[in-house]
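Subject: Structure handover and notes

Dear colleague,

I am passing on the structure we spoke about, together with some notes on what turned up in it. Please keep it open beside this message as you read.

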Amino acid sequence: MHELPTAPSAQDAQQLVERFVRRFGEPYRMLACHAALPLILTPELLHNLRNTFLRGQVPWVSEADLLLSELCRPVGYEQYAMDAAVRAHLIATLQARVGPRRLQDVARLLLRYIHHLKRSPGLFSETELQAQQLAAMVCLDEQREAATHTLVAALQRNMSASANSPLPSAVRAEIARLTRLTATLAPQLSSYPELIAYAQIVGRMLRDPAQTNSEAPEEVARPVTILGQTLPAPAVLLPPELRAEKKSFRFTTSALDPASPAFYGRQAELARLRGLCLDNQWVVLYGGPKSGKTSLLLRLEAALQPLARVCHIDFRIIQGANAERAFAFIADHIAEVVSLPPEASEPAAHQTEQHTEQWPLIAEGDGSVDEPEEPQSEQHTSRGPVDELELLQIKHHAATSPFTPDPRDVVDGPTLLRFLNHALAHNALPRLVLMLDEWGVLPDATRVTLARVLRSIFEARHTMPILGKLQIVLSGGIELYDLVAYEASPLHNICETIYLSDLSEGEAVALVTDGLSAAGLDAALVTELAHAIYRRVAGHPYLTQRFGMLLVEAHQSGQITDIERLLVAAEEDHIKSDPLLRHILNEIRTHKLSDAARLLLNDPPRFTRLNDAMARLELLGLAKQAGEQWAARNPLLAEVFSELLDTASSLIPHPSSLTIPPLIHIPAGPFLMGSSDEDRLASHDEKPQHTLTLPAYWIGRTPITNAQFRPFVEGDGYRNRAYWTAVGWAWRTKEKMSQPRFWGDADRNGDDYPVVGVSWYEAVAYCRWLSAVTGHEFRLPSEAEWEKAARGPDGRIWPWGNSWEEGRCNSKEAGIGKPSPVGHYPSGASPYGVFDMAGNVGEWCVTQRGKSYPYWLAAEWEEEYLAGDAARVVRGGAYSSAAKRVRGAFRLYSYPLLRYDRYDNGLRVVSHAPVPGSES
């Protein structure tokens, strides 16, 4: 079989294709794309491809033009082949332009052609036909596994035959052929990264066994199991004098090299990430600290290189940067990645030169493995070697050419958008994957600004299709949660979420076994130690390696005698004082999750990702799903944090003992906000009436009642500073507040009456308290959310319609003169079935006074927006309000410290999702 080795650079392949298209025209690109799938082209096969898929789009002479172009080269009588990198680039282009189904149709045509050739022996050898067949099968979902199984079986047979030295030349040549075939088919075998990595290390062993054994001893010594077939360790290719040399396995607790043998597991996540990136689905990669996110991104970067440019940005380099500096930093890195040689400015002689160098082939059974010659720079094909100074000049020319986007002016969202539009405009750039890692080192304001701009860029793809080339991968932990999790957050609903789990028991045990065996420990002892470590840390990637390092050190000092005593000593002396555990504890306190952590360790709640407190603890590295319950991530962490948090004291009430307010679903979509000129009761600040679209949310069916507010009063609601804003806590402390103003008023304090005499500060504190004790996020509604729930989508004046009708609400006209039990006026419900939206009690919103119309959406439940003492919106009116003031569009404002101001103010809660198991 005649295959070309992998090209030295994907960029070279792109340049070849673009030069071909410039010479013959754009329609020829699609012909080349369809012709890229076969490993060997024949005139007959190319004619069938053009006639089947491109009839009338390119002339018949295009077949000869392609076969005789620099994209192809003769490899036999009427046989032509493409360079592997050119082939990969063209296949990726075909998928991007006409979709994966067309690639599958080409593969099926190729299989029919192979079947035809089998009846006409002589043109291809059996080996060549098999390779052609595998190239087609790996493009078909239903046949990819069978093709991989065939390839693995062939490698297994030949590698097993290599156990005897010296290596037979025919076997050596066949192994080389199979590894190069695997490399050629790598883009279609991405779901089997272990096979690709194995073929790469075997290829290196064939070329230079001594150097490979020295540089990658762990990979050389490790067998690999794929689809139930175990491939021998590449060490079988070592000469006898090198096989006896022992190489040490090194545990590591830092980011792993993409080829590191310590990278266990993550194959499913890697395959899913790669697929999402190629499908242009933006991604959020979540994981607790030291969970291996960065190592996984490095692997992903290597896996994407044949098909996309990857820009991996680590924000730790600009820790604490403001938004302007962050935008400039991102643009600088993108410019480095996407800069292309200035082909248009090349000398004319260089523009007309044809690329004629050929790659040496591996002849069937000749016993040799030829190294590909170093490809010459296109600008210097007729000259000698290029010296270092000249290379620098060429690089500078590329970096300053018009084809390189200029990042110098990028300091904000609009300049970044223009920069990306320019950077992505190159036809030679099929896709740009932007990996944004380590968000936690950026200030909150910088993160929010970046997130909002990314959201805008995502939506701009509707009007700027070139942005479809951009793929974003956000990586981090809890610092990304508030940017993604809620409807009001900037990145909500535009990213696919991936949570990193820990290593399985088999993976964790294998990792420890490899490391301890390389250190020279007894095999039986190694297995016992590996399982003992798993029982304590349950596959935690960092802690598994940390224990491994400590045990190697103990072995080297001769201290391994009693296993259990050794593990206990390691925990007491090293693990419990580990910086990771201190970091998790500090984060729990910073994010005010101590009570939630105590609940997790004492009485774990039912599992749901709608439990925000538990989801945050998961991202901090303490919680995980355990069947239908939340649980501590592993026994060691449960033990350590039980001591640190003292779970025996200060326990909060269990959520099951609370009265959780029933919630009503308000579907996503537009509604009419504000008042029209037809409403003669309208004030100027209610105009103009306009259409506003909100995402879905859930709002309390009624205002919060005294029964629902009572656990806050009797618990730690007025004693725990964590629930209060800074200004609110200072006010509560100064005024010595411990309950609502009318808490003891018999006319207002029935269980089913709305709580009244509540300041805005108390309303915010109640929402935070309720979120903490239920593990489900609650907040005050925005002004827009309140109005839509009260009026429905059609802009009606009162919840029931456009005409005032007495008897539908507790307003001044009702003459009651005090609050009434919630839900007492069912005929006054809003179109969504929400009660008491007109009269009874005024309801605090989160929105600040002075928001003009048309209303604009913003993330209002954020620390920065909640801070200060600005006046806030009160909606709905009260029992003392006339008909005008209980309209759905009426806007009233009050200072946050006021507990009444002609109205008895209360509150109603909102959430991003229903409460599992509640009446919602």
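The notes below go from the whole chain to single helices, one strand residue and a few backbone details.

Please bear in mind throughout that this is a predicted model. The protein chain has 34 helices and 20 strands, and of its 920 residues 56% are buried. Among contacts with a separation of 6 or more, 75% are between residues 24 or more positions apart. The chain exposes about 38,000 Å², and carbon and sulfur atoms supply 51% of that area.

Helix H6, which covers residues 100-118, has 19 residues and reaches 27 Å from its first C-alpha to its last, close to the 27 Å expected at 1.5 Å a residue. Its buried residues are Leu 103, Gln 104, Val 106, Ala 107, Leu 109, Leu 110, Leu 111, Tyr 113, Ile 114 and Leu 117. As a general point, an α-helix has 3.6 residues a turn, so residues three or four places apart point the same way. The buried residues of H6 pack against helix H2 (27-35), helix H3 (43-53), helix H5 (84-98), helix H7 (126-137) and helix H8 (141-161).

Further along the chain, helix H30 (residues 706-714) and helix H32 (residues 760-774) have axes that come within 11 Å and cross at roughly 85 degrees. With angles of 65 to 115 degrees counted as roughly perpendicular, that makes H30 roughly perpendicular to H32. On the H30 side the contact involves Gln 708, Phe 709, Pro 711 and Phe 712, which meet Glu 762, Ala 765, Tyr 766 and Trp 769 in H32. By residue type, this contact of H30 with H32 divides into 6 nonpolar, 1 polar and 1 charged.

Leu 470 is a residue you may want to look at in the viewer, and it lies in strand E8, residues 470-476. Leu 470 counts as buried because its relative accessibility is 1%, where buried means under 20%. Leaving aside neighbours within four places in sequence, Leu 470 is in contact with Asn 280, Trp 282, Leu 420, Leu 424, Leu 432, Leu 434 and Ile 457. One of these partners, Leu 424, is 46 residues from Leu 470 in sequence, while the two are 7.8 Å apart in space, C-alpha to C-alpha.

Some backbone details remain, beginning with the cis peptide bonds. One joins Lys 687 and Pro 688, with omega about 0 degrees, and Pro 688 has its place in the loop between strand E13 (669-673) and strand E14 (690-694). A cis peptide bond also joins Tyr 853 and Pro 854, again with omega about 0 degrees, and Pro 854 is found in the loop between strand E16 (842-848) and helix H34 (863-866).

Positive phi values also occur outside glycine. Lys 290 has a phi of about 60 degrees although it is not a glycine, and it lies in the loop between strand E5 (283-286) and helix H15 (293-304). Phi of Ala 538, likewise a residue other than glycine, is near 50 degrees, and Ala 538 is found in the loop between helix H23 (523-537) and helix H24 (541-556). Is each of these loop residues buried, or partly exposed? Lys 290 counts as partly exposed at 42% relative accessibility, whereas Ala 538 is buried, with a relative accessible area of 15%.

With best wishes

Terms used
Residues are numbered from 1 along each chain as its sequence is written. This is a predicted model: local features need pLDDT of at least 70, side-chain atom pairs count only at pLDDT 80 or more; totals for chains, interfaces and linings use all residues. Side-chain values use heavy atoms; hydrogens and water are left out. Axes are lines fitted to C-alpha atoms, for helices over the stretch in contact, and angles run from 0 to 180 degrees between N-to-C directions. Helices (H or I, at least four residues) and strands (E, at least two) are DSSP runs, numbered from the N terminus. Angles under 35 degrees count as roughly parallel, over 145 as roughly antiparallel, 65 to 115 as roughly perpendicular and the rest as oblique. Contact means heavy atoms within 4.5 Å. Ala, Val, Leu, Ile, Met, Phe, Trp, Tyr, Cys and Pro count as nonpolar, Asp, Glu, Lys and Arg as charged, and the others, Gly among them, as polar. The expected span of a helix is 1.5 Å times one less than its number of residues. Buried means under 20% relative accessible area, exposed over 50%, partly exposed in between (1.4 Å probe, protein chains only). Accessible areas come from the Shrake-Rupley method with a 1.4 Å probe; for residues, only the protein chains shown count as cover.
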